[in-house]
Amino acid sequence: MFNLKTLHRNKTVKYGVPMLLLVVGGSFGLREFAQIRYDAQKIRKRLDPSLEAQVNAQKQTVILEEEYEKLKEIHLDEWKNIRGPRPWEDSREYQEEQRRNLSKTD
């Protein structure tokens with residue numbers, strides 16, 4: 001009944017089937033490449049065994065508590081804000097000028 005010329009002239013077979021194969025095959029291919037990417041990131045994020053021995057959950061809480069104690073000792077009432085330079089300003093000159101102005105007001 002069907003011969004090859006009839007199938008070749010049919011637009012659905014000529015354009016639709018390759019497009020469908022491209023979309024479906026592309027999604028499977030993309031999934032495989034994404035999986036490779038995620039596996040590589042997981043391997044890269046793993047710590048060395050020597051670093052893992054140094055970093056543990058109990059030590060992290062101690063470090064946070066120590067940092068909190070350091071912050072409690074700082075006198076934040078005496079702190080002055082010095083604006084950073086704009087892109088067109090020379091950073092060193094501007095910061096020196098800001099420091100001189102602050103020392104004059106104190």
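Helices here are DSSP runs of H or I with at least four residues, and strands are DSSP runs of E with at least two, numbered from the N terminus. With that in hand, welcome to a predicted model, in which local features need pLDDT of at least 70, side-chain atom pairs count only at pLDDT 80 or more, and totals for chains, interfaces and linings use all residues. Residues are numbered from 1 along each chain as its sequence is written, and side-chain values use heavy atoms, with hydrogens and water left out.

**Overall build**

- The protein chain has five helices and zero strands, so the order of elements from the N terminus reads α-α-α-α-α.
- Only 2% of the 106 residues count as buried, where buried means under 20% relative accessible area, exposed means over 50%, and partly exposed lies in between (1.4 Å probe, protein chains only).
- About 10,800 Å² of the protein chain is exposed, and carbon and sulfur atoms supply 58% of that area. Accessible areas come from the Shrake-Rupley method with a 1.4 Å probe, and for residues only the protein chains shown count as cover.

**Helix α2 and the annotated segment**

- Helix α2 covers residues 11–45, which makes 35 residues. At 1.5 Å a residue the helix should span 51 Å, and its end C-alpha atoms are 50 Å apart, which agrees. The expected span is 1.5 Å times one less than the number of residues.
- Asn 10 caps the N-terminal end of α2, with a side-chain oxygen 3.2 Å from the backbone nitrogen of Thr 12. This fits the rule for a polar contact: N or O atoms within 3.5 Å, where within protein one must be able to donate a hydrogen and the other to accept it, and residues adjacent in sequence count only if both atoms are side-chain atoms.
- An unreviewed UniProt entry lists residues 15–34 as "transmembrane region". UniProt positions are given in the numbering used here, feature names are shortened, and annotations may be inferred rather than shown by experiment.
- In the model, residues 15–34 are 100% helix and 0% strand, and the end C-alpha atoms of this stretch are 28 Å apart.
- Met 19, Leu 20, Leu 22, Val 23, Val 24 and Phe 28 form a nonpolar surface patch with about 610 Å² of accessible area together. Patches are made of residues with over 30% relative accessible area and no salt bridge, joining like charges within 9 Å and nonpolar side chains (Val, Leu, Ile, Met, Phe, Trp, Tyr) within 5 Å.
- Phe 28 lies in helix α2 and is partly exposed, at 45% relative accessibility.

**Salt bridges**

- The structure holds four salt bridges, each a side-chain nitrogen of Lys or Arg within 4 Å of a carboxyl oxygen of Asp or Glu.
- One of them joins Lys 70 to Glu 67, with the closest N and O atoms 3.5 Å apart. Both residues sit in helix α4 (residues 57–73), and because they are three residues apart, about one helical turn separates them.
- Lys 70 is partly exposed at 49%, and Glu 67 is partly exposed at 40%.
- Glu 69 and Lys 72 form a salt bridge at 3.8 Å, N to O. They too are three residues apart in helix α4, about one helical turn, and Glu 69 is partly exposed at 40%.
- Arg 99 and Glu 96 meet in a salt bridge at 3.7 Å, N to O. Both lie in helix α5 (residues 91–105), three residues and about one turn apart.
- Arg 99 has 44% relative accessibility and Glu 96 has 42%.
- An α-helix has 3.6 residues a turn, so residues three or four places apart point the same way.

**The loop between α4 and α5**

- Lys 80 is in this loop and is partly exposed, at 46% relative accessibility.
- The C-alpha atoms of Lys 80 and Leu 102 are 8.1 Å apart, with their positions 22 residues apart along the chain.
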